[in-house]
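Here are some short exercises to work through with the model open in your viewer. Try each task yourself before reading its solution.

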Amino acid sequence: SDIQYYTELESTNNTAREIALGALEGTVVLAETQKNGRGRMGSEWQSVPGGLWLSLILKPSIPLESLSKITLVAGIAVTNALRAVDVDAHIKWPNDVLVRGRKICGILTEVSAEIGKVDYVVLGIGINVNVKLSDLNEDIRRNSTSVSNEIGKPLDRTSFLASLLYELEQQYIRFKTRQFAEIVDEWINLSDTIGRNVRVRTPAMLIEGKAVGITEKGALVVLDKNDKKHKIIAGNCRYAD
Ligand code: BTN
C-alpha cells in the first residue's frame, strides 16, 4: 500500500482529503509535525516532534450513518497497539485513548458523502509516542501523556507504526465481514466509559447521566436522572466523577 511521508504539513487530514478521490484505499499520509493539526469540534491538536500524526484513507461502502462505527473500530486498533507495548490504554467514548486518565491519542474522522452514501473516510490519528510533555502547552499538558512518558524510554516509532497499521487492517476487515456486535463487545472491554457518570455535550444539548451501553449503530446510551434513555451518536464526553 501507499505511505506518503512528509516532514511537515498543515494537517495530514487536509492532505489526505485533497488526494482521497484518486488514492487507493489504505493510503497513509504521515507527517513529522503539523503546523495546523486539527482536533475534534474545531479544537487545535498540538503536533510536536516525536509523535505519530497520520491519516488513513478508507473507502467503505457504508451509509453515512455508519460512520461512527469506523470511529469505534479505530479506537480499538490504537488501544490494542498501545497495550502490545505495555501501555495501559483505555478508550473514552467516542474515541479518545487515555492512560491513567490522561490523553495519549486523539482520532478525527472526516467524511465525504453524497446522497447519504460515503465516498471516502479520512481517519486522522494522533498518538503522543515520543512526545516530550514539556513541549506541550500548559493547559494541554495537564491532561496529556505520551508513550515514552509512560514506559520511561523512547519507543521505536517505525515498528509501532507497522503494528498499528496491521491492527487497523485487521479491525477494518472484521468490520466489513463480521457482525458489528462483535466490535461493540471488544470496544466495551477496552473502554472505561460504560458504567461511569458522564456529561456529554452535543451540538444540541448537554446530557448528564450514567453511560450504560453502545447501540448496534455505535451510539452511546446514557440514562439520565429521570431514567430517560439518550442515544448519542456524536458529542464531547467528560467523566463526571
Ligand atoms: C481529538 O482528539 O480532538 C482528535 C485529534 C486528532 C489529531 C490527528 S493528528 C493526524 C490528523 N491530522 C489532523 O489535523 N488531526 C488528526
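## Exercise 1: Ile140

Ile140 counts as partly exposed, at 24% relative accessibility. Keep in mind that this is a predicted model.

Task: find the element that holds Ile140, and check its accessibility class.

Solution. Begin with the location: Ile140 lies in helix H3, residues 138-141. Next, take the cut-offs, where buried means under 20% and exposed means over 50%. The 24% of Ile140 is in between, so the residue is partly exposed. To finish, pick a distant partner: Leu67 is 73 residues away along the chain, and the C-alpha atoms of Ile140 and Leu67 are separated by 28 Å.

## Exercise 2: The chain as a whole

Task: decide how the radius of gyration of the chain compares with the globule rule for 241 residues.

Solution. Start with the inventory, which is six helices and 12 strands. The radius of gyration is 17 Å, close to the 18 Å from the globule rule for 241 residues, so the chain is as compact as a globular protein of that length. For the outer dimensions, the C-alpha atoms fill a box of roughly 50 × 40 × 30 Å along the principal axes. Burial comes next: 53% of the 241 residues count as buried. Last, look at contacts between residues at least 6 apart in sequence; 62% of these join residues at least 24 apart.

## Exercise 3: Leu123 and its surroundings

Task: is Leu123 buried or exposed, and which residues is it in contact with beyond its neighbours within four places in sequence?

Solution. Locate Leu123 in strand S7, residues 117-127. Its relative accessible area is 2%, and buried means under 20%, so Leu123 is buried. Now list the partners, leaving aside neighbours within four places: Leu123 is in contact with Asn13, Leu54, Ser55, Leu56, Leu58, Ile70, Ala74, Ile107, Leu108, Thr109 and Leu168. Take Ile107 from that list: Leu123 and Ile107 are 16 residues apart in sequence, yet 7.1 Å apart from C-alpha to C-alpha.

## Exercise 4: Three helix pairs

Task: classify how H2 packs with H6, how H5 packs with H6, and how H2 packs with H5.

Solution. Two packed helices are described by the angle between their axes and the distance between the axes. Angles under 35 degrees are roughly parallel, over 145 roughly antiparallel, 65 to 115 roughly perpendicular, and the rest oblique.

1. H2 (residues 67-84) and H6 (residues 180-190) pack at about 50 degrees, with axes 10 Å apart. The pair is therefore oblique, and the crossing is left-handed. H2 contributes Lys69, Leu72, Val73, Ile76, Thr79, Asn80 and Arg83, while H6 contributes Phe180, Ile183, Glu186, Trp187 and Leu190. By class, these are seven nonpolar, two polar and three charged residues.

2. H5 (residues 157-177) and H6 pack at about 140 degrees, with axes 8 Å apart. These two helices are therefore oblique as well. Gln171, Arg174 and Phe175 of H5 make the contact with Phe180, Glu182, Ile183 and Glu186 of H6. Sorted by class, the contact of H5 with H6 has three nonpolar, one polar and three charged residues.

3. The axes of H2 and H5 come within 9 Å and cross at roughly 140 degrees. H2 and H5 are therefore oblique, and their crossing is right-handed. On the H2 side, the contact residues include Ile70, Ala74 and Ala77; on the H5 side, Phe160, Leu164 and Leu168 are among them. The contact of H2 with H5 divides into 13 nonpolar, three polar and three charged residues.

## Exercise 5: Backbone checks

Task: which residues does the cis peptide bond join, and where are Asp86 and Asp227?

Solution. Take the peptide bond first: Trp93 and Pro94 are joined in cis, with omega about 0 degrees. Pro94 sits in the loop between strand S4 (89-92) and strand S5 (96-99).

Turn to phi. Asp86 is not a glycine, but its phi is positive, about 65 degrees. Asp86 belongs to the loop between H2 and S4, and it is exposed, with a relative accessible area of 70%.

Asp227 also has a positive phi without being a glycine, here about 60 degrees. Its place is the loop between strand S10 (220-223) and strand S11 (229-232). At 59% relative accessibility, Asp227 counts as exposed.

Terms used. Residues numbered from 1 in each chain as written. Predicted model: local features only at pLDDT ≥ 70, side-chain atom pairs only at ≥ 80, totals over all residues. Heavy atoms only, no water. Axes fitted to C-alpha atoms, helices over the stretch in contact; angles between N-to-C directions. Helix = DSSP H or I, 4+ residues; strand = E, 2+ residues; numbered from the N terminus. Left-handed = near helix turned anticlockwise from the far one by under 90°. Contact = heavy atoms within 4.5 Å. Nonpolar A, V, L, I, M, F, W, Y, C, P; charged D, E, K, R; others polar. Rg over C-alpha atoms; globule rule 2.2 N^0.38 Å. Buried < 20%, exposed > 50% of the residue type's maximum accessible area, 1.4 Å probe, protein only.
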